[in-house]
Amino acid sequence: MAERKANQQTFREQQGGNSRASKRRGGIGEWLRNYVLRHLQTLFYALGQLAMKPFSTLMTAAVVGIALALPAGLHVLLANAQQVTTGWDGDAQLSLFLKKETRERQVSALAAELRKRDNIEAVEYVSSEQALEEFRTLSGFGEALEALEENPLPPLLVVRPALGHNDPASMDALRAELESRAEVELAQLDMAWVQRLYALMDIGRQGVMILASLLALAVLLVVGNTIRLHIQNRRDEIVVTKLIGGTDAFIRRPFLYSGLWYGLFGALIGGVLVESSLLLLEAPVAQLAALYHSDFALQGLDLITGGGLLGVGMGLGLCGSWLAVGRHLRDIEPT
């Protein structure tokens, strides 16, 4: 044990001496260049080790890719659903049924006041007579309406929110505010179905987050177990490296980069799976959109989502390998 500690001290001094010599010869820039080169050498050395076993590497990366593709694909589908509802919630409107005794000038003053607000785009006034005539035309009960002694329909203000203020929460707050006005008998929000759709989408987002968390844990376990097998297969090499003074950090580095490669390959496979799935859905979605006279088309992985997928994949691979190496490397000691 004392001999191994002495060897490790010599190993560190040699590395430190090389670093200090590099700093003296070429300054910080030369030292940084050598530091980066050593890490690049280890990075591609780890890639070479994986390339020597292409089938097992592909199987592990495929498992990681499938685990990453499931939440990524659901996220893309939710983003497409959000794109569809962006046009739908623009048709939302608030109907203010006024009290029958409200005078014409009071209605005009209220409408003018509402038009000045930043969160309201337009206000349309529908008088009692106009509402009755429209009902007579659309309902087909014209003769029955003639028997009425007075017009039962109240005057109406149709309020359309401004862009950016037409989400369910803002519209509901506006409805509650306007319903408290003295002139208003009833405020009806004509977007209940949009609210239900948003609620379902919120549930979907929470479900994607839960699924992503579980699958992230699965990726950590898969990568960690794979790195554990790598460590066991190279046990003799690790023992010899420790005997000649190799530090844990020096031994750990190739395994960490192996986990990084697994995460990168898995993320690339996951991206291909998501894009392939969307390609298969493209024609049926286009046919459905044509039935509704819409030009909607599925959107694939954008730059931010694709970059996030790569980052998450490499991060999980690195974390999984770090956990495995930190635990199992301590168990390997020269006898």
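Me: At roughly what angle do the axes of H9 and H10 cross, and within what distance do they come?
Reply: Happy to start there, with the note that this is a predicted model. The two axes cross at roughly 145° and come within 7 Å. The crossing of H9 and H10 is right-handed. On the H9 side, the contact includes Arg252, Phe255, Leu256 and Gly259. On the H10 side, Leu309, Leu310, Gly313 and Met314 are among the residues taking part.

Me: What makes up the contact of H9 with H10 by class?
Reply: There are twelve nonpolar, seven polar and one charged residues. Gly counts as polar in this scheme, so Gly259, Gly263, Gly270 and Gly271 of H9 fall in that class. Arg counts as charged, and Arg252 of H9 is part of the contact.

Me: Why are H8 and H9 called roughly antiparallel?
Reply: Let's set the value against the cut-off. Helix H8 covers residues 235-243 and helix H9 covers residues 248-291. They pack at an angle of about 150°, with axes 10 Å apart. Angles over 145 degrees count as roughly antiparallel, and H8 and H9 therefore earn that description. Their crossing is right-handed.

Me: Which residues of H8 and H9 meet?
Reply: Ile238, Thr241 and Lys242 come from H8, while Asp248, Phe250, Ile251 and Phe255 come from H9. By class, this contact has four nonpolar, one polar and two charged residues. Lys and Asp count as charged, so Lys242 and Asp248 are the charged pair here.

Me: How do you know whether Thr241 is buried or exposed?
Reply: Thr241, found in helix H8, has a relative accessibility of 17%. Buried means under 20%, so Thr241 counts as buried. Leaving aside neighbours within four places in sequence, Thr241 is in contact with Gly246, Phe250 and Ile251.

Me: Why is Ile227 called buried?
Reply: Ile227 lies in helix H7. The relative accessible area of Ile227 is 0%, and the limit for buried is under 20%, so the name fits. Not counting residues up to four places away in sequence, Ile227 touches Phe255, Ser258, Gly259, Tyr262, Ser321, Ala324 and Val325. Take Ser258 as an example: Ile227 and Ser258 are 31 residues apart in sequence, and their C-alpha atoms are 7.7 Å apart in space.

Me: Which residues touch the most other members of the largest nonpolar core?
Reply: The core has 31 residues, and those with the most contacts to other members are Leu68, Val219, Ile227, Ile231, Ile238 and Phe255. H1 (2-51), H2 (54-88), H7 (192-233), H8, H9 and H10 (303-328) each supply at least two residues of this core. H9 gives the most, with nine residues. A second core lies apart from this one; it has 18 residues, among them Leu98, Leu174, Ala187 and Leu189.

Me: What is Ile231 in contact with, leaving aside its neighbours within four places in sequence?
Reply: Ile231 is in contact with Ile238, Phe255, Ala324, Val325, His328 and Ile332.

Me: What makes Met59 count as buried, partly exposed or exposed?
Reply: Met59 has its place in helix H2. Its relative accessibility is 39%. Buried needs under 20% and exposed needs over 50%, so Met59 counts as partly exposed. Met59 and Gly266 are 207 residues apart in sequence, yet 9.7 Å apart in space, C-alpha to C-alpha.

Me: How do you know how Leu132 counts?
Reply: Leu132 lies in helix H4, residues 128-139. At 15% relative accessibility, Leu132 is under the 20% limit and therefore counts as buried. Leu132 and Pro155 are 23 residues apart in sequence and 9.9 Å apart in space, C-alpha to C-alpha.

Me: How many helices and strands does the protein chain have?
Reply: The chain has ten helices and four strands. Along the sequence, they follow the pattern α-α-β-α-β-α-α-β-α-β-α-α-α-α. Of the 335 residues, 35% are buried. Among contacts between residues at least 6 apart in sequence, 84% join residues at least 24 apart.

Note on methods. Residues numbered from 1 in each chain as written. Predicted model: local features only at pLDDT ≥ 70, side-chain atom pairs only at ≥ 80, totals over all residues. Heavy atoms only, no water. Axes fitted to C-alpha atoms, helices over the stretch in contact; angles between N-to-C directions. Parallel < 35°, antiparallel > 145°, perpendicular 65-115°, else oblique. Left-handed = near helix turned anticlockwise from the far one by under 90°. Contact = heavy atoms within 4.5 Å. Core = buried A, V, L, I, M, F, W, Y, C linked by side-chain atoms within 4.5 Å. Buried < 20%, exposed > 50% of the residue type's maximum accessible area, 1.4 Å probe, protein only.
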